[in-house]
Amino acid sequence: MLTSSLVELPDHAALVAASGGHPVVRWDHDQAGFGRAWSLGGAVGWTVQGRRGLALMALGSGAEAGRLVTAALDLVPVPRIAVPVDALPYVGTALGEGDDWDWFWTTAAPVPRPGERTVVALRPADAADLAELLRVSSPRTSAQPGDPRVRTWFGQRDASGRLVACAAERDQAPGVWHLQAIATHPAHRGRGYGADVTAAATRVGLTNGATAVTLGMYADNHVARRMYERLGFRVGQAFATRAVG
Ligand SMILES: CC(C)(COP(=O)(O)OP(=O)(O)OC[C@H]1O[C@@H](n2cnc3c(N)ncnc32)[C@H](O)[C@@H]1OP(=O)(O)O)[C@@H](O)C(=O)NCCC(=O)NCCS
């Protein structure tokens, strides 16, 4: 039987080509952190220096992505991998704890929502309100006020002026908006605030020239999943992040 072997790719353009133009490869590209890249059959993998150290990411069928990761880990020891969920059984290296999460993308502005009109860009003076909102709403949030990677914080206040929902935006790849820290105060959920801030931030990005808007979500977050899908976001990849060893 013919088995494909690991082929090193010279640069990000080669990785995009080898992936067939996969949205994760095109739009989750961290230029500063991008390291080495490989293909194996129809699978691709690359290393990226993230907030929590070097990580190996892979895409492709479970069997091929798992074989790619196993071979690449022999070349570049990394503490973390992010692979398609169905690749885990094929990774021939001991793995530890991690999370399952979905990477979403859209290139189309959502249907306008009346509540978007009251979504505003927050100012440094709003930092204390924002920190309190995130503390009570989203303990697992990936961004906090003052995070240098965030370009704009969006927020929405209720009739009494209380900050009830927020979303952060940063440049993930050139011309790609990545949303994070989307949260609604627990006492104000189910009233459309979350959809309003997400729709507003997505629209601002796409009308200001962003090619795509992306976000990541823990796989068990069914409320957020329904909200994002209703706004036109699609799953680009269901990932499993795991510690190596
Ligand atoms: C996800 C989150 C932002 C949604 O905020 P929200 O303001 O409640 O969102 P919306 O009101 O726009 O509602 C979204 C959908 O969830 C439903 N929903 C919201 N809260 C609900 C609840 N407590 N129980 C059941 N359904 C709920 C809404 O009815 C709506 O569905 P529908 O349009 O089919 O009726 C909010 O639940 C939250 O802050 N969660 C914690 C942080 C988090 O997980 N953020 C997302 C990270 S990716």
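Here are legends for a few close-up views of this predicted model.

**View 1. The two assigned domains.**
Start by getting your bearings along the chain. The domain assignment splits off domain 1 at residues 7–100 and domain 2 at residues 108–210. If you take the C-alpha centre of each, domain 1 and domain 2 turn out to be 30 Å apart.

**View 2. The shell around the ligand.**
Now zoom in on the ligand, which has 19 residues around it. T184, R189, G190, G194 and A195 are the closest of them. Three elements each put at least two residues into this shell: strand β10 (176–184), helix α5 (193–207) and helix α6 (222–230). Which of them gives the most? That's α6, with 4 residues. Sort the shell by residue type and you get 9 nonpolar, 7 polar and 3 charged residues.

**View 3. Strand β10, tucked inside.**
Stay with β10 for a moment and check how covered up it is. Is β10 enclosed or not, and why? All of it counts as buried, 9 residues out of 9, so the rest of the structure largely encloses this strand.

**View 4. The neighbours of β10.**
Look at the strands that pair with β10. With β9 (163–173), β10 runs antiparallel, and 7 bridges hold the pairing. Find A165 and you can trace its bridge partner in β10, which is T184. That T184 is also among the residues closest to the ligand. The link from β9 to β10 is a hairpin with 2 residues in between, and G175 in the turn has a positive phi of about 75 degrees. With β11 (residues 212–218), β10 runs parallel, joined by 4 bridges. To spot this pairing, look for L179 and its bridge partner in β11, L215.

**View 5. The two sides of helix α4.**
Finish with helix α4, residues 127–137, where L130, L133 and S137 are buried. These three sit on the same side of α4, because they cover an arc of only 65 degrees around the axis. Here's the handy rule behind that: an α-helix has 3.6 residues a turn, so residues three or four places apart point the same way. What covers the buried residues of α4? The cover includes strands β8 (152–157), β9 and β10. Flip to the face turned away from the buried side and you'll find the exposed residues A128, A131, R135 and V136.

Conventions
Residues numbered from 1 in each chain as written. Predicted model: local features only at pLDDT ≥ 70, side-chain atom pairs only at ≥ 80, totals over all residues. Near = placed C-beta within 6 Å. Nonpolar A, V, L, I, M, F, W, Y, C, P; charged D, E, K, R; others polar. Buried ≥ 20, exposed ≤ 12 C-beta atoms within 10 Å, placed from the backbone. Arc of directions from axis to C-beta. Contact = placed C-beta atoms within 7 Å. Domains from an automatic or database assignment. Pairing = 2+ DSSP bridges.
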